[in-house]
Amino acid sequence: MELRNQPVSAFVEALASRRSVPGGGGACALAGSLAAALGHMVGELTVGKAKYIDVEEDIIAMMERAEALCKELLECIDKDAEAFAPLAEAYGMPKDDPSRDLVMETCLKEASAVPLRITELAAAVIELEKGFAEKGSALAASDAATGAVMARAALYGGAVNVKINTKHMKDRAYAESINARVDELIETYSAIADDVYGQVYGRF
């Protein structure tokens, strides 16, 4: 069974076990998808209300984006597990195996690609939550704020799961380019998430 199609209780149980997957990457992808779903809910509670008719088209477009992000993040739960499996095997190769370095490098790059994508998607969710908080129903503002901080967690978790892989890469130019990308995302979007949460929190 695909991880993303397991019951929530089964996924949590697997996450808490000694198994290497699902792990941090899958948890981040789930958190990001939940955040996107919360944004979509804010839209559902906004569309059709006379008070928000002027922003309805914007909200509908944001809902479509949220749905797409939610779907891709759910897919990343399984993609992360699939990318990690070969890396786990590579770590088990004898250190004197002449092919080990090349295999490790390939696996490290593949294993870092999914958490990088999760980080990028989480950033996109944060941007959406900003819009939902500003334009969506005031009655659901807390859900937009919750989505923002959940996406922030996915952003941070995705980034650290990138860096645990880039740390061991031989191709330092490639590694540093990926590190720079996640550093940029963290700097930009963590501040946005904090601002969204702070703005909403300050209303109450």
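Here are some numbered notes on this structure, which is a predicted model.

1. Overall layout. The chain is all about helices in this model: six helices and zero strands. Reading along the sequence you get α-α-α-α-α-α. The C-alpha trace spans about 70 × 35 × 30 Å along its principal axes.

2. Burial and surface. There are 204 residues in the protein chain, and 43% of them count as buried. The accessible surface comes to about 10,700 Å², with carbon and sulfur atoms accounting for 56% of that.

3. Contacts across the sequence. If you take the contacts with a separation of 6 or more, 77% of them are between residues 24 or more positions apart. The salt bridge in point 6 gives you one pair of that kind of spacing to look at, with its partners 62 residues apart.

4. Cysteines. The disulfide count is zero. Cys 28 is in no disulfide, and the nearest cysteine sulfur to it belongs to Cys 76, 11 Å away. Cys 70 is in a similar spot: its closest cysteine sulfur is also in Cys 76, at 11 Å, and that is too far for a bond, because a disulfide needs the two sulfurs within 2.5 Å. As for solvent, Cys 28 has a relative accessible area of 7%, so it is buried. Cys 70 comes in at 17%, and it is buried too.

5. Salt bridges in general. Side chains of opposite charge can pair when their charged atoms come close. A search of the whole structure turns up 12 salt bridges. The next few points pick out some worth clicking on.

6. Asp 171 and Lys 109. These two form a salt bridge, with the closest N and O atoms 3.3 Å apart. The pair links distant parts of the chain: Asp 171 sits in the loop between H5 and helix H6 (172-201), while Lys 109 is in helix H4 (residues 100-135). Asp 171 is partly exposed at 30% relative accessibility, and Lys 109 is partly exposed at 25%.

7. Glu 120 and Arg 117. Here the salt bridge stays inside one helix. The N to O distance is 3.3 Å, and both residues lie in helix H4, three residues apart, or about one turn of the helix. Both side chains have some access to solvent: Glu 120 is partly exposed with a relative accessible area of 23%, and Arg 117 is partly exposed at 34%.

8. Asp 183 and Lys 163. In this salt bridge the closest N and O atoms are 2.7 Å apart. Asp 183 is in helix H6 and Lys 163 in helix H5, so the bridge ties together parts that are 20 residues apart in sequence. Asp 183 counts as partly exposed at 41% relative accessibility, and Lys 163 counts as partly exposed at 32%.

9. A charged network. Some salt bridges share partners, and in that way Glu 72, Arg 117, Glu 120, Arg 181 and Glu 184 are joined into one network. The Glu 120 and Arg 117 bridge from point 7 involves two of these names, so if you are already looking at helix H4, carry on from there to find the other members.10. The end of helix H5. Is Thr 166 buried or exposed? At 1% relative accessibility, Thr 166 counts as buried. Thr 166 is found in helix H5, which covers residues 141-166. Leaving aside neighbours within four places in sequence, Thr 166 is in contact with Arg 172, Ala 175, Ile 178 and Asn 179.

11. Val 160. This residue is also placed in helix H5, but Val 160 counts as exposed, with 53% relative accessibility. Val 160 and Asn 179 are 19 residues apart in sequence, and their C-alpha atoms are 9.6 Å apart in space. Asn 179 is one of the residues that Thr 166 contacts.

12. A nonpolar surface patch. Which residues form it? Val 149, Tyr 197 and Tyr 201 do, and together they have about 290 Å² of accessible area. Val 149 is found in helix H5 and counts as partly exposed at 31% relative accessibility. Helix H6 spans 172-201, which is the stretch to look along for the two tyrosines of the patch, Tyr 197 and Tyr 201.

Key: Residues numbered from 1 in each chain as written. Predicted model: local features only at pLDDT ≥ 70, side-chain atom pairs only at ≥ 80, totals over all residues. Heavy atoms only, no water. Buried < 20%, exposed > 50% of the residue type's maximum accessible area, 1.4 Å probe, protein only. Patch = residues over 30% accessible without salt bridge, like charges linked within 9 Å, V, L, I, M, F, W, Y side chains within 5 Å. Areas by Shrake-Rupley, 256 points an atom, 1.4 Å probe, with all protein chains shown as cover. Salt bridge = Lys/Arg side-chain N within 4 Å of Asp/Glu carboxyl O. Helix = DSSP H or I, 4+ residues; strand = E, 2+ residues; numbered from the N terminus. Contact = heavy atoms within 4.5 Å.
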